[in-house]
Each structure stands twice: as structure tokens, then as C-alpha cells.
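Work through the exercises below with the coordinates open. Try each task before reading its solution.

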Amino acid sequence: MNRLANETSPYLRQHRDNPVDWYPWGDDAFTRARAEDKPIFLSVGYSACHWCHVMAHESFEDPEIAAVMNRLFVNVKVDREERPDVDAVYMQAVQAMTGRGGWPMSVWLAPDGRPFYGGTYYPNADRQGMPGFTKVCEAVADAWSKRRDELLEQAERLTEAIDTQLPSRAEADELTAALLGTAYEQVRAQFEPRYGGFGRAPKFPQAMALDFVARVYVRNRAPETLTILTTSLDAMATGGMYDQLGGGFARYSTDDFWLVPHFEKMLYDNALLTRAYVHGFQLTAEPRYRRIVEETVGYVLRDLAHPDGGFFSAEDADSEGVEGKFYCWDLAEIDDIAGADAPEVIRYYGVTEAGNFLDPHTGFRGNILHVVDRTEEPSDAILRGRERLFAQRATRARPGLDDKVLLGWNAMFLDALTEAAAAFDRADWMDRARANARFLVTELQRPDGRLVRSWRAPYLAYAEDYAALLEALCTLAEYDDPAWLRDALRIADALVDLFHDDDEGGFFSTGRDAEELIVRPKDLFDDATPSANSLAAHGLLRLAALTGDTGYEQYAVEVLRLVGPAMTTHPTHFAHALNALERYVTAPLEIAIIGPAADPATQALRAEVTRRLLPASVMLAAPAADPANPLLADRALRDGAPAAYVCEAYTCRRPVTTPEELRTLLDETLAGRPGQQAAT
């Protein structure tokens, strides 16, 4: 058992019995590297990463390979989800060296932490043009011994390069609504019309890009725009990337048509996709989108929930050492379990004798359930059969659970859960959202008020964590109770204090009180999750609109200036930043509802707002006027009845008291916006 045995990360603990003499990231490893004049081998991965497990089984569990590693290097293991700062710095280096990145990430560092060589997965022996890991290790050690000056010069160049990878700035007057149109044209050009999504395999869900398309549709009402959204939502939800029995989405599809996924399920994917399907339902009223939301939320609340209120990070792709084994089926197995409904179940889910999935490493073969006809909703026979299959599957060995409770990922799901609860009038979901919010603002906070990244782990929270929590608290303030704004203001002030770049604008990933790495990273690109800067820009603009404190806007505008030129050329890498841009260039639609929360008339007014997708809007509801908040100041009941006030930039239309009047008022207001038409 090595030094990883007592770490908080399940991923690190998975390596505690390796013969590799692993260190966690920290001073001990670097002190030894300097003392012994050895390079550091840094291996970065995460618990649900399939190829991380493959490299571990092939190399890190092999005593002969481990002996080579222990002789030549000081070996350090990092969980990218606990230390996204370390991951970000060295991923930039690997991408600069190789033109690509991914996990497992393998990097060799000088004892001072500067990278000089790196890559991703290496097989245990030469294979398919890739050198074996032992050969790579020996070549690196030989170069360190004989050509060290050359390696250190490369390390210096790499460090300088990753310290200056920032987009060029836009001028403030260049941030206009025209950028949104240009970005949409780029997204439309990348759309794959047959199976949805953007680009070719491997296909990632791109939930934020779909959310951008949904907001564009509110403005243009173009059938083509809606087709981009619905084709993608339908294809993902009927493919094997979606768990047809238990709900929830896998990380991505290995093919063009969403059939064969890498089976790991991540909390953040299911958060972002929940919101995308909520918006799909709001725009179309299609019951199938509501069903996907209910099943996906149900999956998280059932399988990823900690009893104290937090949500776990992920489930692995593998069970019993086989990728996808938990999710796949034999035809005979379904025939036996589904009984009289078996023929219908087999037809609906495309089950065959030969199967549609083969794990090349183990030879395991089976059927990934998928809906053959994307337009077909499940019949009673399918629902009965699915219930039996789900019960049987529950007896199988489950994939490994990564039980880290991460602040940022929890906040992303909290944000989606709150919006879904309001859109579908699910009081039980709102209760779970409140419980999660209380958990995050208390259990992931030190006595001095500093937030931490991971529950019961020592790592300081990053800008992503603060900004995601700010977004979620703003959503709670809108859809639950304005009192959440107190926490939102506290988090926003800490975000600015700890992470703001006073020289260049935007937000560093790490706080001013954090460990110093070779560079201080700044997260600008929306990738699998929204970037810290996109989250911060959108959250701060929302907070300014919700509180009337326009001082927060300046920090958001700085971010938009940093990414402005790139948003139009690479919109899928800035999809959440485009959300912030839309909010900045559009006069805020402000809705205030006054009336007792339990009054059915108040609830009806709120429902008229929450059932719709209203980009660049904010809403607050309270039982009475609040002079401390501009949205709620000087508001009153109308002839004793709950009332709704619709305003733009604090210029208000007549108050209304019925859902029908509010619907008309919202339609009129939207129709008056540039480039927008009223809903039909």
C-alpha cells in the first residue's frame, strides 16, 4: 500500500495498492525530486475515465513497469476533479507539445514543476504505432541524463507559452447583438442534420450550444433553428448514450448516431442536459422532453445523492472489469425477463442475437438498449418490460461510484434542478434543491468563510466553484425566495476579492490565497462544463439585474471583452459566454410578482413565467414590496389581488393580475425586442 491510501479522492485510492511508489501532489514529491535530481512523472486522471483504468491495469499494476518508474522518477498521481488547476496547467503544456490532449494525461516535469515532455495514454508495449510506456520512460530518463539543458530550455518555452495563452481583447463597443447572429451562423454550419449534434464522432452532447440554439429560437422563431434543437435532443434521448432503463446520460458517444457511449455518467453532464431538455419542453410542450427531464433528475436523486444533501460526482464506465457490462443485455435474457411483453420490448429497443456492442479488451458482447424509432413513445408493454428489466439490472454489480461531493458540479445540478422544479411545479424537487443549497453554503465552507472544492477534503474552492454557486443562488432567488440573494451577494464579493485579475480583467482559476503553480491559470473556454469566466460573467450580470447593483457589471464586461473576438469564430467553445453576451446586449426583462406564496393566484402568475424560456430575463416574487430591492420596490397588490409587473430596464408596463394578461404582456414585450417575434 502506497501514500495514496489516505487520500480523499476515490480515484487516488484506486491506486493505493499499485507497486508504483505514488505521491499525491505536494511538497514532499518535489522535495524528493530535487534531492535525488530526478524528473517527476505526473499522471492525471479521474475515477470514471475508462482509459485511465486501462493504463492502470496495463502499466501501473505491473511490478516490472512499476520498478522502472520507481527507479527513474518521482511519481505523482492527481485527480483532475479535485485539482483542476494542476490539470489545466499541464494540459495546456501537453496540447502545446502534441496538438491534442485527454486523459489519462502523462507529463514529465523538472523538479521545479516545469513540464518538458508529455502525452496521454501509453500502452504497456508497442502497439498500433504507439511506443510502449517502458520505452517512453527509459527514453525520457536518458534524455534527462544526456540532454538536460535542451529539455530545460524546452520547459522554459512551454511555461512561457502556457502563461500567455489568452485571446485578444475586444473593445467595449464591439460587444453588440450582431455577435450573436454571427455565432449562430457558425453553430448552424456545424450542425449534423441526420443525427443531431455538432460535428462527427466522437460526439459530445454540447448541451450549452443547444441551450444557445434554444435562446436563438426565442428571438427568431425560425423552424430551421427549432429543428437543430429537436433533432439533437431526440437523437440523444433515443440513443444508447441515454440510459433507457434508469435515466441519465453517459459522457459521450463513440459514433455519429449516439448508439455506443463511453458509459461513465458524470453529474455535470446530467446537470447541463437537464436544463437543455427543460428548455426543449418550454419551447415545444413535447411530453417526451418532460419525461427525459423527470428520468434524468430521478437518476441523480436516486443514484448520486448523499443523504446529507450533496450529490456524488460520477459512476464509472466499467463494472467487474468490463466496460458497459452493467448496461448491456442478451436477447435471451430479455426474452426471459420481459415475459409476454418481450417481443415488443425487443423490437422497440433494437435487440438482436448478435448485439451491437463489443468490448475489444475483454471480448464482452451485448445489446445497448436504444429506441429504433425516434418518434415512438413507450407503450404500456414497453413500460412494463422496462420496469422488469430495471429491477433485474439492480441485482447486478454496479459500476464504481466516485463519491466526491464537488462544489462546482453540485452547484450546476442545483441550478438545473431549481429551474426544472419551477418549470414543472415539482415541490419535491424544490425541497431537494433547498437542501442541496444549504449543504453547499454550510458544509463546504470553512469557519473563516472560505469555500472548499470538495466535501471533507482540504482543497480550496476555485473560481469555477464560486461562480457556479453564484449562478445557482441567483436561480434560487428567482424561482424560490429572494432571500437567497444574501448568499449570492456574499459569494459574488468573495469571487471578485479572491480571483479577479486587476491587471488584465477576468478571473483567475485559483484564489490569491492558493498554492502557486508555475503559472496562474485562467479558465476561459467552455468545454465539458462552462468556464469559470463564463459562469462569472453571466452570474454577475444576473446579480446586477436582480439587485440593481450595477457595479457587478464591470467585471462581466471585462470577461466578455477577453473572449469577444473568439465567441463568433468558435461559438461551441464559448456557448455559455454567449449567454452572458446576450444578457449584456439586451435590455433586461424584469418581472416582479407580488402576492402571498400560498395564494393560487400568485402561483398561477409565477407559473406563467416559469413555464416559458425567457432569455435575458430576471424574476422575483415576494408577498409584499421590498424597498431595498429595485425590482420589488413600490410594488403592491392590485385591488387586493396578487399582481405581476413587467419592466425593461426599470421602465414598467401596467401591472396585471391574471395569467392570461401576463401572457399577453410578455408576448408584447418580447415582440418589441430587436430581432424577436411573439410566441405562437
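**Exercise 1: aromatic pairs**

A search of the whole structure, which is a predicted model, finds 32 aromatic pairs. Task: classify the pair formed by W25 and Y90, and state which parts the pair ties together.

Solution.
- Step 1. A pair of aromatic rings is described by the distance of the centres and the angle of the planes.
- Step 2. The ring centres of W25 and Y90 are 6.0 Å apart, and the planes meet at 55°. Planes under 30 degrees apart count as stacked, and those over 60 as edge-to-face. The pair is therefore tilted.
- Step 3. Locate both residues. W25 is in the loop between β1 (22-24) and α2 (27-36), while Y90 is in helix α5 (residues 84-98). The pair thus ties together parts 65 residues apart in sequence.
- Step 4. Check burial. W25 and Y90 are both buried.

Task: which residues do ring pairs link into a cluster?

Solution. The cluster consists of W22, F41, F60, F73, W108, Y117, Y122 and F133.

**Exercise 2: charges over rings**

Task: find the ring that lies under the charged end of R80, then the ring that lies under R288.

Solution.
- Step 1. R80 places its charged end over the ring of W103, 4.0 Å from the centre.
- Step 2. R288 lies over the face of Y289, and here the distance to the ring centre is 4.8 Å.

**Exercise 3: helix α6**

Task: test the length of helix α6 (residues 133-146), then find how its buried residues are arranged.

Solution.
- Step 1. The helix has 14 residues. The expected span is 1.5 Å times one less than that number, so α6 should span 20 Å. The C-alpha atoms at its ends are 20 Å apart, in agreement.
- Step 2. List the buried residues of α6: F133, V136, C137, V140, A141, A143 and W144.
- Step 3. Look down the axis. These buried residues fall within an arc of 160°, so they line one face of α6.
- Step 4. Turn to the other side of α6. S145 and K146 are exposed there.
- Step 5. Identify the cover. Elements over the buried residues of α6 include β2 (40-45), α3 (50-60), α4 (63-72), β4 (105-109), β5 (115-119) and α7 (148-162).

**Exercise 4: an open sheet**

Task: give the strand order of the open sheet formed by 4 strands, and name the edge strands.

Solution.
- Step 1. The order is β17-β16-β18-β19, with mixed pairing.
- Step 2. β17 (617-622) and β19 (651-652) each pair on one side only, which makes them the edge strands.
- Step 3. Inspect one join. β18 (residues 643-648) and β19 run antiparallel, joined by 2 bridges. E648 stands opposite T651 of β19.

Notes:
Residues are numbered from 1 along each chain as its sequence is written. This is a predicted model: local features need pLDDT of at least 70, side-chain atom pairs count only at pLDDT 80 or more; totals for chains, interfaces and linings use all residues. Side-chain values use heavy atoms; hydrogens and water are left out. Two strands pair if DSSP finds at least two bridges between them. Rings of Phe, Tyr and Trp (its six-membered ring) pair if their centres lie within 6.5 Å; planes under 30 degrees apart count as stacked, over 60 as edge-to-face and the rest as tilted. Buried means under 20% relative accessible area, exposed over 50%, partly exposed in between (1.4 Å probe, protein chains only). A charge sits over a ring if NZ of Lys or CZ of Arg is within 6 Å of the ring centre and within 35 degrees of the ring normal. The arc is that of the directions from the helix axis to the C-beta atoms. Contact means heavy atoms within 4.5 Å.
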